[in-house]
Amino acid sequence: MERVFITNTTTQVVPNQPPTHASVSTDYNGMAVKIACEKIKKRLQPFVDENPMGSWKEWVTTAHENLVSLSATGHYGVEQISYDPVTGKGPATLYCTHGAACSEVEIDCLTGEHQVLRTDIVMDVGRSINPALDIGQIEGAFLQGYGLFVTEELRWSENGELLNCGPGMYNVPRVKHIPREFNVHLLPNSDNPKAVFSSRGIGEPPLFLSSSVFFAIKEAIRAARLEIGLRDDFDLFPPATQENIRMMCGDQVQQYKN
């Protein structure tokens with residue numbers, strides 16, 4: 001492995017590389033690399049058969065001396081998705097990535113502030129190629145979704161103009177918003193025959209798991225309302241900002257205002 005080097009991609013090397021979006025980087029590029037490696041491996045196989053006890057360096061050197069090409073390109077394209085938007089039939093994706101999350105929160109009914117005490121996540125990433133990277137992706141997507149469901153409230157003018165168009169004008173997730181106890185588990189022994197080495201794309205899917213924080217906040221508000229004799233049915237829409245939490249708690253101060 002110490003002889004393997006990875007450099008930045010350029011259009012001089014890969015002229016038609018797809019973009020790295022929608023969690024397809026490993027699916028596309030990983031499979032293309034695998035195809036290229038299999039081509040070189042096939043060319044080296046005769047020299048391996050002649051010298052089965054040899055080293056990688058010896059096989060490559062012998063192949064080079066015999067004018068065998070030691071470079072290859074790999075190209076991979078996923079099979080066509082047959083989903084029909086008119087009939088609503090057929091698979092919409094090549095495969096699915098699943099996960100589950102449970103969050104525990106504490107709210108301050110007087111100020112509307114809250115703290116995420118604990119979050120547990122179980123994610124099906126297939127057979128992870130790089131568990132540390134996948135866990136980092138899950139944690140990052142969760143915090144990004146936390147902004148969507150809890151802190152980042154967009155405000156519009158009467159003319160439809162976005163008033164807070166930038167992170168300096170709304171509350172983005174920060175270090176204090178990370179759950180005090182944050183546990184991420186990768187589901188073991190999960191196969192996915194439709195991706196390289198049975199892995200699964202993991203960029204965006206964990207984002208929605210942040211909704212567990214939103215619904216935990218809503219349950220905490222419901223408990224607070226019941227304590228003071230208010231109805232437990234109320235409308236709380238994302239994001240559950242500090243102001244919205246404070247308004248929904250509905251204590252005596254809020255009742256007096258109304």
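A salt bridge is a side-chain nitrogen of Lys or Arg within 4 Å of a carboxyl oxygen of Asp or Glu. The model is predicted: local features need pLDDT of at least 70, side-chain atom pairs count only at pLDDT 80 or more, and totals for chains, interfaces and linings use all residues. Residues are numbered from 1 along each chain as its sequence is written, and side-chain values use heavy atoms, with hydrogens and water left out.

**Exercise 1. State how many salt bridges a search of the whole structure finds, then place the pair E181 and R118.**

Solution.
- Step 1: the search of the whole structure gives eight salt bridges.
- Step 2: in the bridge between E181 and R118, the closest N and O atoms are 3.6 Å apart.
- Step 3: E181 belongs to strand 3 and R118 to strand 2 (residues 114–123), so the bridge ties together parts 63 residues apart in sequence. Strands (E, at least two residues) and helices (H or I, at least four) are DSSP runs, numbered from the N terminus.
- Step 4: E181 has 35% relative accessibility and counts as partly exposed. R118 is also partly exposed, at 34%. The cut-offs are under 20% for buried, over 50% for exposed, and partly exposed in between (1.4 Å probe, protein chains only).

**Exercise 2. Locate the salt bridge of R222 and E219, then find the network that holds R118.**

Solution.
- Step 1: the side chains of R222 and E219 meet at 2.5 Å, N to O.
- Step 2: both residues sit in helix 4, three residues apart, about one turn of the helix.
- Step 3: E219 is partly exposed because its relative accessibility is 46%.
- Step 4: salt bridges with shared partners join R118, D120 and E181 into one network.

**Exercise 3. Decide whether N192 is buried or exposed, and find what its side chain reaches.**

Solution.
- Step 1: N192 lies in the loop between strand 3 (181–186) and helix 4 (211–227).
- Step 2: its relative accessible area is 3%, so N192 is buried.
- Step 3: the side chain of N192 reaches the backbone oxygen of S199 at 2.7 Å.

**Exercise 4. Characterise the salt bridge of R155.**

Solution.
- Step 1: the partner of R155 is E153, and the N to O distance is 3.3 Å.
- Step 2: R155 has 46% relative accessibility, so R155 counts as partly exposed.

**Exercise 5. Give the strand and the exposure of E106.**

Solution.
- Step 1: E106 is placed in strand 1 (residues 99–107).
- Step 2: with a relative accessible area of 47%, E106 is partly exposed.

Methods:
Polar contact = N/O pair within 3.5 Å; in protein donor to acceptor, adjacent residues only side chain to side chain.
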